Amino acid sequence: MAGESRFRKRLRFPGKPEAAQDGPGSADGSRSPAEPSVHLPSPDARDDGRGHSASLEPAGGDAGRHRRPLVAAGARGVDLVKRGAGASVAGARTALAYVADRIIENAPRVPVRDLATLRRQFPGLGPEQLADKLVAGAASASATVGAGVGAAAMLPVPPAMPAELAAEITGVAAIEMKLIAELHEVYGQRPPGDLRERAMAYLAAWTEERGIDLTKPTTVNAALGGRMKRELRQQIVKRTMRNLPNLLPFMIGAAVGAVLNRRDTKKVAEKVRNDLRTRQVPWDALPDLPPLEQPENPKQLGF
């Protein structure tokens with residue numbers, strides 16, 4: 001019928017081979033090129049509505065393998081940082097020990113004037129006026145040391161900065177120990193012992209920033225004990241932190257160093273004088289004391 005023949009006409013799609021109506025083969029019996037096959041589910045397979053099953057292997061397996069070298073590199077970096085920090089701490093301890101040893105070695109070399117010598121050099125002055133003169137001279141000398149280190153740091157060279165700070169601390173320590181020793185002479189509080197024992201006693205007084213209590217004499221063993229050395233290192237650290245502005249360039253550090261050292265020396269002197277005043281012995285009540293022995297190789301301090 002005409003209607004049936006109209007509906008039986010095959011549809012033609014451009015670009016596709018024409019296939020016979022009743023089979024996949026062509027009219028001459030040859031098969032058309034195979035079309036992509038579609039995998040249909042097996043008749044026995046059950047569809048539970050959840051789709052295809054997922055694999056239990058992590059999807060990021062390759063990413064994990066790439067992350068492992070990064071984690072190892074990070075661990076090595078942390079280890080290097082720890083080693084560097086440990087080396088820095090060890091270096092700081094070595095520097096503190098070096099400065100402490102220099103101060104201990106210089107202590108017996110500090111020249112000290114006894115009371116008779118001071119009264120001859122400053123005639124007509126009482127104890128307080130003589131002490132003021134000594135403090136002024138020591139403050140001027142420590143200011144000179146600070147200005148000198150600041151001038152040396154006018155164009156700072158980083159490798160030389162620790163040596164400059166160490167030289168300043170040891171120089172100022174010697175000046176202030178001389179001042180402390182002579183203040184003890186002025187207030188009638190000379191510690192017993194020989195040159196080295198007195199030097200260690202003055203070093204302990206400088207470390208603790210106080211006067212020597214003669215009722216508790218400091219022996220050489222006590223002065224060089226563990227507690228004394230710890231306090232000495234703490235004092236060195238404190239002085240180092242205070243002296244860091246001395247390294248400012250273009251002569252700024254010279255002015256700052258002079259001002260800071262003068263101020264610090266006066267502070268130490270005031271603390272020691274306050275202690276010694278409470279135990280002061282008048283000059284006319286002092287027994288005849290032998291002259292102080294002088295070191296064979298005295299350190300030149302400039303005052």
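Which side chains meet in a salt bridge at 3.9 Å, N to O? The tour reaches that pair after a view of the whole chain.

**The whole chain**

Begin with everything displayed as a cartoon, bearing in mind that this is a predicted model. The protein contains nine helices and zero strands, and the pattern read along the sequence is α-α-α-α-α-α-α-α-α. Of its 303 residues, 32% count as buried. Contacts between residues at least 6 apart in sequence are also informative: 79% of them join residues at least 24 apart. If a surface is now switched on, the accessible area comes to about 19,300 Å², and carbon and sulfur atoms account for 59% of that area.

**The nonpolar core**

Next, hide the surface and select Ile103, Leu183, Leu203, Trp206 and Leu232. These are the residues with the most contacts inside the largest nonpolar core, a set of 47 residues. At least two residues of this core are supplied by each of helix 2 (61-106), helix 3 (115-121), helix 4 (127-152), helix 5 (161-186), helix 6 (195-208), helix 8 and helix 9 (252-277). Colour helix 5 separately, since the largest share of the core, 11 residues, comes from it.

Now centre the view on Leu203. Which residues does Leu203 contact, leaving aside its neighbours within four places in sequence? Display Ile103, Ile104, Met177, Met228 and Leu232, and the contacts of Leu203 are in view.

**From helix 9 to helix 4**

A search of the whole structure finds 14 salt bridges. Select Arg273 and Asp132 to examine one of them; their closest N and O atoms are 2.8 Å apart. Arg273 lies in helix 9 and Asp132 in helix 4, so this pair ties together parts that are 141 residues apart in sequence. Is each partner buried or partly exposed? Arg273 has a relative accessible area of 5% and is therefore buried, whereas Asp132, at 44%, is partly exposed.

**The opening pair and its network**

Keep Arg273 and Asp132 displayed and add Glu270 and Arg277. This is the pair asked about at the outset: the side chains of Glu270 and Arg277 meet in a salt bridge at 3.9 Å, N to O. Glu270 is partly exposed, with a relative accessible area of 37%, and Arg277 is likewise partly exposed, with 32%. Add Glu128 to complete the selection: salt bridges that share partners join Glu128, Asp132, Glu270, Arg273 and Arg277 into one network.

**A pair of sequence neighbours**

Move to Asp264 and Arg263, which form a salt bridge whose closest N and O atoms are 3.3 Å apart. Asp264 is buried, with a relative accessible area of 3%. Arg263, at 38% relative accessibility, counts as partly exposed.

**A nonpolar patch on the surface**

For the last stop, restore the surface and select Val237, Met241 and Leu244. Together these residues form a nonpolar patch on the surface, with about 260 Å² of accessible area. Met241 has its place in helix 8 (residues 226-243). Why does Met241 count as exposed? The cut-off for that class is over 50% relative accessible area, and Met241 counts as exposed because its relative accessibility is 54%.

How values were computed:
Residues numbered from 1 in each chain as written. Predicted model: local features only at pLDDT ≥ 70, side-chain atom pairs only at ≥ 80, totals over all residues. Heavy atoms only, no water. Patch = residues over 30% accessible without salt bridge, like charges linked within 9 Å, V, L, I, M, F, W, Y side chains within 5 Å. Areas by Shrake-Rupley, 256 points an atom, 1.4 Å probe, with all protein chains shown as cover. Salt bridge = Lys/Arg side-chain N within 4 Å of Asp/Glu carboxyl O. Helix = DSSP H or I, 4+ residues; strand = E, 2+ residues; numbered from the N terminus. Buried < 20%, exposed > 50% of the residue type's maximum accessible area, 1.4 Å probe, protein only. Core = buried A, V, L, I, M, F, W, Y, C linked by side-chain atoms within 4.5 Å. Contact = heavy atoms within 4.5 Å.
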